[in-house]
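Work through the exercises below with the sequence and the model at hand. Each task is followed by a stepwise solution.

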Amino acid sequence: MKTNSLPAVRKGRPPRQTAESHAAIMDAVYALLQKKSVRHLTMEEVAMRAKVGKPTLYKWWATKATLVLAMLCERMAPNLEKPTVLTAKESLRFRVRRLIDAFHGPFGKIVAGLIAEGQSEPAILQEFFERWVRPRRNATIADLQRSKNAGELKSETEPELLNDAIFGAIYYRMLLNSGPLTRRFGEELVEHILRGHGSGPGRGRCTRGRDTRRKYT
């Protein structure tokens with residue numbers, strides 16, 4: 001087990017009577033990161049703003065990065081979850097839209113900061129991937145695999161590559177600012193990547209028919 005992994009660090013998570021302190025710490029991290037980067041955030045500032053002692057912070061989170069990641073997972077992750085099982089396109093559109101919306105807010109800067117910190121501290125990057133990226137990547141791949149099994153996608157479609165092509169493009173724009181990261185970009189990205197992966201020529205004709213009817217209604 002990794003010594004810096006968040007579950008191991010937080011197995012002494014605060015009991016119910018200290019839940020208010022926990023919430024105050026999360027609030028403090030979020031508020032401070034509105035004004036400064038992850039790199040310039042300090043545990044001292046968090047403790048002072050949350051009105052807790054530094055030992056309390058280090059009891060629950062071994063490093064600043066694990067603390068920031070905990071806040072990210074608690075405050076941002078629930079807004080990205082998909083409520084029901086959807087088709088491949090519906091699942092991708094939902095997840096892409098939610099992620100792009102989140103990246104337009106303060107969480108985009110926080111995610112970029114964690115990734116930047118991870119360049120000099122690989123353990124941070126690994127923790128970010130395990131805690132943040134992997135669960136969502138696995139969920140999307142599972143949706144795509146179900147669609148493939150149901151015949152919605154071609155049999156040669158590789159869900160892992162499809163997922164990475166779409167979300168890799170989103171992270172690329174977010175991190176490098178190579179172009180506008182908009183909902184329209186997300187919609188066009190999903191359409192472009194999925195083009196050619198639908199099973200059967202009849203499906204394409206049916207889709208065009210629906211688009212034509214919408215145009216004249």
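**Exercise 1.** Classify the mutual orientation of helices α2 and α3.

Solution. Helices α2 and α3 are oblique to each other, because angles under 35 degrees count as roughly parallel, over 145 as roughly antiparallel, 65 to 115 as roughly perpendicular and the rest as oblique. The axes of α2 (residues 19-32) and α3 (residues 43-50) cross at roughly 125 degrees and come within 8 Å. Helices here are DSSP runs (H or I, at least four residues) numbered from the N terminus; axes are lines fitted to C-alpha atoms over the stretch in contact, with angles from 0 to 180 degrees between N-to-C directions.

The model is predicted: local features need pLDDT of at least 70 and side-chain atom pairs pLDDT 80 or more, while totals for chains, interfaces and linings use all residues. Residues are numbered from 1 along each chain as its sequence is written, and side-chain values use heavy atoms, without hydrogens and water.

**Exercise 2.** Which partners does Ile-25 contact beyond its neighbours within four places in sequence?

Solution. Contact means heavy atoms within 4.5 Å. On that basis Ile-25 touches Val-46, Ala-50, Val-52, Leu-57, Trp-60, Trp-61 and Leu-67. Next, place Ile-25 in the largest nonpolar core: of its 55 residues, Ile-25, Leu-72 and Ile-170 touch the most other members. Such a core is a set of buried Ala, Val, Leu, Ile, Met, Phe, Trp, Tyr and Cys residues joined through side-chain atoms within 4.5 Å.

**Exercise 3.** How many helices and strands does the protein chain have?

Solution. The count is 11 helices and zero strands. Of the 217 residues, 40% are buried (under 20% relative accessible area, 1.4 Å probe, protein chains only).

Note on methods: Helices (H or I, at least four residues) and strands (E, at least two) are DSSP runs, numbered from the N terminus. Buried means under 20% relative accessible area, exposed over 50%, partly exposed in between (1.4 Å probe, protein chains only).
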